[in-house]
Amino acid sequence: ESGAQPVVVLTKADLCADVAAAVRSVEEIAGGAPVHAVCALTGRGLRDLRPSLKPASTVVLLGPSGVGKSTLINHLYGEEVLPTLPVREEDQKGRHTTTVREMIQLPSGALVIDTPGLRELGLWDGAEGVEAAFEDVETIGIRCRFTNCRHENEPGCAVRQAIANGEMEAARLAGYHKLVQEQALFARQQHTRAQAEERRRIKAASNHLRNFHKTEE
């Protein structure tokens, strides 16, 4: 909804036994976003990212700590411009290195922003975006028995039937429910803030009127 073009990048492809299967599994829940498997150490798959790195474009890398965001930027840049650390010996997982956001201009002219590792992404007033990202859920949901079906335990739910029939992955519906809940939470928070702001406005107006009468007296 914001106009950003999402791209899913699966890093460390050299550690995956079946890259094609991993890509397919993510494509099933990516809502149509491109999915690329890359290896920043060898350069594998990085050519597929070039269309997203056009001159004057701004790209931001989001993901958990240690997935290789800084290493990816270093490879795209052509030299080590960001500090990185090797994976831990005991579990072969990446380490938290980036502590601040930093914008790097690549030789292509694209601007890439490296960010510290994220635990999660939050939704901000994205009701229309949720509908667009989960168009498959919305389309199948038209066939539900009840127009206000939440696709949970209601009888005659076409979406849950589609999952049972293998037409849709259960993870798609789980993602849909998660974002719908986030959107509902955002709406409640905004309503609470609006009520508090209205109370402050009324109190300020009352105080102003009271002071005005005192001045008149």
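This report walks through the fold of one protein chain and then zooms in on two of its helices.

First, a heads-up: what you see is a predicted model. The chain contains six helices and five strands. Start at the N terminus and you meet them in the order β-α-β-β-α-β-β-α-α-α-α.

How much of the chain is buried? Of its 217 residues, 28% count as buried. The accessible surface adds up to about 14900 Å², and carbon and sulfur atoms own 52% of that. Now look at who touches whom: among contacts with a separation of 6 or more, 56% are between residues 24 or more positions apart.

Let's take helix 1, residues 19-27. Its buried residues are Val19, Val23 and Val26. These residues sit on the same side of helix 1, because they cover an arc of only 65° around the axis. As for partners, the buried residues of helix 1 pack against strand 1 and strand 2.

Helix 2 covers residues 69-77, and its buried residues are Lys69, Ser70, Leu72, Ile73, Asn74 and Leu76. They pack against strand 1, strand 4 and strand 5. So what comes just after helix 2? There you find Gly78, with a positive phi of about 105°.

Here are the strands that the buried residues of these helices pack against:

| Helix | Strands packed against |
|---|---|
| Helix 1 | strand 1 and strand 2 (residues 35-37) |
| Helix 2 | strand 1 (residues 8-10), strand 4 (residues 102-105) and strand 5 (residues 111-114) |

Try finding strand 1 in the structure: buried residues of helix 1 pack against it, and buried residues of helix 2 do too.

Key: Residues are numbered from 1 along each chain as its sequence is written. This is a predicted model: local features need pLDDT of at least 70, side-chain atom pairs count only at pLDDT 80 or more; totals for chains, interfaces and linings use all residues. Side-chain values use heavy atoms; hydrogens and water are left out. Helices (H or I, at least four residues) and strands (E, at least two) are DSSP runs, numbered from the N terminus. Buried means under 20% relative accessible area, exposed over 50%, partly exposed in between (1.4 Å probe, protein chains only). Contact means heavy atoms within 4.5 Å. Accessible areas come from the Shrake-Rupley method with a 1.4 Å probe; for residues, only the protein chains shown count as cover. The arc is that of the directions from the helix axis to the C-beta atoms.
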